[in-house]
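Welcome! Here are a few short exercises to work through with the structure open, each followed by a worked solution.

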Amino acid sequence: MVHVTTKIDRADRQLIDELGTFSAATIHEAQGRSGALDDAIKPLDRDMSFCGSAFTVVCHPRDNIMLQVAISYAQPGDVLIVSSGDQPAGQFGDVLANACVARGITALVTDGGVRDSREIRELGFPVFSKYLCIQGTVKESLGPINQPLVFGGQLINPGDVIKGDCDGVVLTRRDEVRSAIDACRARDAAEAEYIERYKRGETPIQVSNLGAVLENKGLTVDV
């Protein structure tokens, strides 16, 4: 068994950067309300955002040896997707955050715990986690790196594109990035038009064409 797979296909960096200009919510909606990760995974700071290629790693609960291995092999632009058994332990802190910055890693997303949150915020490295926890971890058990991974309710393949911001984290399949960008552009344009119509005095019922729908549902109004 090979624990560490280093050769993975990634999307074009320019396409990743372009997709990253859209919000996680817009991407989720534009690609058919798909790809949203567990909404319990939140950024340490609401101003943190990122977009990059998934670099998946499985850690045993309360163990971070494979996270350290992953940092050693990840490439600039990668996002560490760390499955750690949904346990509240501080697997990642400011020392490893500095290692990530030095290697050009884009962000870390984990269903486990992190600590040193103030230092990480000051460093500016995007970290999205399920738990904030000071409990220490061991360095004992090996696990796979860059294998398909069920994480946050989604099947993530190495090289898929991950976007995170203050609203949450979303997955886009590596071979669907271009179409997702087109769909996001169309959605942003439509929403800009909705806003203009609101400013001109139209109501949400008018803008969203809800009149017939509400009538069929039997909505009554005392006018």
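**Exercise 1.** Is strand β3 (residues 78-83) largely enclosed or not, and why?

*Solution.* Bear in mind that this is a predicted model. Start with the cut-off: a residue is buried when its relative accessible area is under 20%. Next, go through β3: six of its six residues are buried, so the strand is largely enclosed by the rest of the structure.

**Exercise 2.** Which residues of β3 point one way, and which the other way?

*Solution.* In a regular strand, side chains alternate between the two faces of the sheet. Now sort the residues: Asp78, Leu80 and Val82 point one way, while Val79, Ile81 and Ser83 point the other way. Both sets are buried.

**Exercise 3.** Which strands are joined to β3 by bridges?

*Solution.* Take strand β2 (residues 50-58) to begin with: six bridges join it to β3, and the two run parallel. Within this pairing, threonine 56 has isoleucine 81 of β3 as its bridge partner. Then turn to strand β5 (residues 107-114), which runs parallel to β3 and is joined to it by four bridges. Here valine 82 stands opposite threonine 110 of β5. Finally, add helix α3 (residues 65-73): together with β2 and β3 it makes a right-handed β-α-β unit.

**Exercise 4.** Is serine 117 buried or exposed, and what is it in contact with?

*Solution.* First locate serine 117, which lies in helix α5 (residues 117-123). Its relative accessibility is 15%, so serine 117 counts as buried. Last, leave aside neighbours within four places in sequence: serine 117 is then in contact with Leu44 and Leu132.

Key. Residues are numbered from 1 along each chain as its sequence is written. This is a predicted model: local features need pLDDT of at least 70, side-chain atom pairs count only at pLDDT 80 or more; totals for chains, interfaces and linings use all residues. Side-chain values use heavy atoms; hydrogens and water are left out. Buried means under 20% relative accessible area, exposed over 50%, partly exposed in between (1.4 Å probe, protein chains only). Contact means heavy atoms within 4.5 Å. Two strands pair if DSSP finds at least two bridges between them. A crossover is right-handed if, with the strands pointing away from the viewer, the path from the first strand over the helix to the second runs clockwise.
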